[in-house]
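Notebook open, coffee poured. I'm jotting down what I look up as I go.

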Amino acid sequence: MTPDPTSDADSAIDPRQFYSSASRSHAPVTPPKPKPDVAKSGTSPIVNIRSQSVPLNAVAESLEARWLALNFEISGRVVGPISGDNFNTFLPEVNDPDAQKCDGGKAAGKLLRKLGKAGDESQMYEPLVKYFESICPGAAFYDDSNYAFEVFEGQEIKPDINVYPSSGERKKEPRSRQIRDAMFEVKFKDESDPFNDNSPEFLKSSKESKLVLGQITNYAVCHQASEFRTHSFSALIFRTYMRLLRWDRAGVVVTEKLSFKDPSLHEYFARFSAATPCERGRDATVVPITTLPDDETGYTTYRVKQLLRCDQKLSLLRIVVGQKIYYISGDLAPGSSSPIGRSTRCVSAYCPEKKILVLLKDTWRVVSPTLKPEHEIYKKLHDHNVKNIPKVYGGADIGNVGRPDNHLTKTKAYLSYVPSSPDISLRTLCHYRIVLQYIEFELPKFRNVKELIIVVRDASIAQADAAILAKILHRDISVGNIMFKRDVEGNLQGYLIDWDLSLDLTLSETAVAQPERTGTWQFIAIRLLVKGTGNPPMHERLDDVESFFHLLTWMALRYTSHILSPATLTNKIHQNFDSNYQEDGLVYLSGERSKSLSSDELFTQAGFANKGIRRVLHRMRLVLRERYTDVEGTYEDDSDEELILGKQQDQSRKVKSLILLEDPQWLPKLLDDSLENPKSNWEINGERVDHELVALVRASWVGALKRKTGSNIHLEGSNKAARTSRA
């Protein structure tokens with residue numbers, strides 16, 4: 001009998017068999033406190049990465065705010081200025097003499113004369129295109145300044161000049177689906193240059209400079225999000241000079257000012273002209289195909305496209321993980337909205353070996369002794385019998401493992417070429433893929449409030465088991481990292497996924513500090529986001545527990561019945577979950593999140609109609625708020641008997657709450673009790689409600705961040721198998 005491709009009940013490999021590791025019983029014990037010099041990545045400051053926080057934002061941003069936010073995020077990841085000769089080492093030398101036939105100096109002289117006569121930016125495009133065509137015959141250049149070839153996050157993307165693979169003759173009209181090899185931006189005034197070669201800081205601080213850097217960063221983000229790429233090239237062009245840029249998931253490398261007559265510039269375009277698609281940035285391990293070999297897949301191409309919910313007119317993509325081949329839809333979900341970081345993209349894939357659907361995660365992992373590849377983390381979790389985590393079918397670094405290639409970021413390595421040795425911290429990331437069991441539904445796909453609590457209960461069990469049995473903290477409890485399956489009888493099982501940023505509490509003292517660590521801003525524990533003195537606090541187990549409270553509050557506001565109007569709801573979500581401010585290059589919590597934990601004002605105003613969700617949030621809040629209660633500070637005057645009694649009562653309540661929180665099973669037990677308690681009345685007003693959010697556009701930028709309009713910030717229709725990715 002042909003197996004059900006959406007089921008892994010029979011064909012899935014037991015995790016312990018997959019890893020050839022015998023399981024052992026482990027009695028629950030309190031996990032050890034991290035040693036002061038262990039896992040220093042846990043003490044790194046929180047960085048609010050756009051791709052993790054933006055899909056959940058309640059308030060859309062203006063184009064100016066987007067560019068300023070991207071400027072903030074890429075700042076500190078800019079390596080430059082470097083010479084043209086050093087930049088050229090990104091591409092192999094050209095051995096073909098025919099590639100060097102053009103006279104770059106003569107072409108540059110002609111270009112400079114025409115640019116000198118240009119009255120505005122628009123008059124620069126045509127001579128620039130002709131110049132680039134003369135020195136780079138292996139690529140096609142288009143003036144696309146009036147052509148919006150892409151709509152990315154609700155905004156049109158319109159680079160002035162797009163670079164396409166050469167196809168012999170120029171196409172009359174570039175198509176939005178056509179592969180681009182680079183994007184060039186043109187500026188009429190030198191004052192628009194965001195870089196200063198003569199300054200140790202390199203980056204200018206004017207608002208105009210920040211906007212320009214944000215603009216070209218936006219183009220690079222779109223370029224890498226719309227294709228499977230390892231890196232991308234771009235250029236920023238002025239009337240007498242230009243700069244070359246190379247972007248990868250660690251940052252961007254920028255040249256010094258290069259005159260159009262500079263031989264190193266001509267050398268770059270000669271190398272780019274002869275470069276392969278892989279050298280220009282395309283991922284060679286992802287290949288479009290039209291027909292599947294039947295003996296390889298066991299299913300017809302038509303059937304595989306059906307399973308993947310792929311348009312029959314589109315090609316499939318063959319993608320490699322280790323030595324195994326999988327097939328995914330050619331209709332990609334857009335990639336990360338961040339220029340840096342993991343750029344995680346999760347898609348449903350067809351596994352021809354097992355003839356089942358799987359979940360394939362494409363990401364860039366930080367190369368560090370403190371952070372293991374995710375399949376090794378899952379191995380440890382399964383070895384310790386952690387419940388409610390997906391099965392693993394395989395995982396591997398991509399590319400030539402053990403030697404540098406384009407699947408390993410290069411930005412950090414080019415710091416040595418910068419004369420001033422900038423004081424910035426950069427990471428090296430490695431391209432990585434993992435294949436997991438197929439899980440169909442993301443958390444917002446629940447049908448009623450009771451289902452929501454069931455799925456979150458299961459995820460909380462996984463979090464508690466991991467901390468106690470495997471000594472691993474998840475550190476990113478969020479809407480996108482909780483999924484569930486529903487069987488034919490309607491029974492649910494929740495899963496906690498995405499363990500690649502987890503923290504192993506048993507790491508040795510050789511752990512190396514990371515420049516930053518990330519979570520999903522809306523759900524991170526308050527104490528990790530507020531400004532304090534000294535080193536940032538270590539992430540603890542209770543921080544993950546608190547994240548469940550913020551997550552459930554957010555879900556209740558977005559998807560359960562209450563009395564808030566769309567405008568009020570939008571504002572409440574923004575103030576409680578999105579608000580932040582930037583100071584000294586770091587982002588801190590602002591708004592009302594702390595207040596909503598310390599008092600019940602938000603819940604009173606919301607008037608949640610379902611009694612079950614009201615009881616759950618109330619019980620969680622009363623206990624978790626005691627993490628922040630300052631009894632001594634509240635009762636400075638202890639001479640009054642009434643105040644003394646109040647202080648004793650508050651101290652007793654705090655102690656009792658902290659004792660409850662010491663039990664790793666406190667939250668699963670609380671949710672279990674609420675599910676079984678008939679007083680919860682889950683059926684009354686328990687239906688899922690997708691509330692409308694109004695499109696309030698922020699007029700100014702506050703801190704770093706965020707994307708998406710009110711029409712698409714809810715996660716409806718974006719299941720985990722084909723969702724937008726996170727950094």
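I started with K117 and looked up its place: it sits in helix α5, which covers residues 104-117. Note to self: this is a predicted model.

Next I wanted to know whether K117 is buried or exposed. K117 has a relative accessibility of 72%, and the cut-off for exposed is over 50%, so K117 counts as exposed.

Then I checked the charges around there. K117 belongs to a patch of positive charge on the surface. Its other members are K106, K110, R113, K114 and K261.

On to the strands. I pulled up β12 (residues 316-321) and β13 (residues 324-329) and found them running antiparallel, with six bridges joining them. For a register check I picked I319, and its opposite number in β13 is Y326.

What lies between β12 and β13? Two residues do, and the pair of strands makes a hairpin. I looked at the turn as well: G322 has a positive phi there, about 65 degrees.

Last stop was a sheet further along. I traced three strands in the order β18-β20-β21, and they form an open sheet with antiparallel pairing. Which strands are at the edges? I noted β18 (441-442) and β21 (492-496), each of which pairs on one side only.

I then went through the β18 contact with β20 (residues 482-486): two bridges join these strands, and they run antiparallel. Here E442 stands opposite M483 of β20.

Reminder for the margin: strands of a sheet pair through backbone hydrogen bonds, in either a parallel or an antiparallel way.

Methods. Residues are numbered from 1 along each chain as its sequence is written. This is a predicted model: local features need pLDDT of at least 70, side-chain atom pairs count only at pLDDT 80 or more; totals for chains, interfaces and linings use all residues. Side-chain values use heavy atoms; hydrogens and water are left out. Patches are made of residues with over 30% relative accessible area and no salt bridge: like charges are joined within 9 Å, nonpolar side chains (Val, Leu, Ile, Met, Phe, Trp, Tyr) within 5 Å. Accessible areas come from the Shrake-Rupley method with a 1.4 Å probe; for residues, only the protein chains shown count as cover. A salt bridge is a side-chain nitrogen of Lys or Arg within 4 Å of a carboxyl oxygen of Asp or Glu. Lys and Arg count as positive and Asp and Glu as negative; His and the chain ends are not counted. The place of a charge is taken as NZ of Lys, CZ of Arg, CG of Asp or CD of Glu. Helices (H or I, at least four residues) and strands (E, at least two) are DSSP runs, numbered from the N terminus. Buried means under 20% relative accessible area, exposed over 50%, partly exposed in between (1.4 Å probe, protein chains only). Two strands pair if DSSP finds at least two bridges between them.
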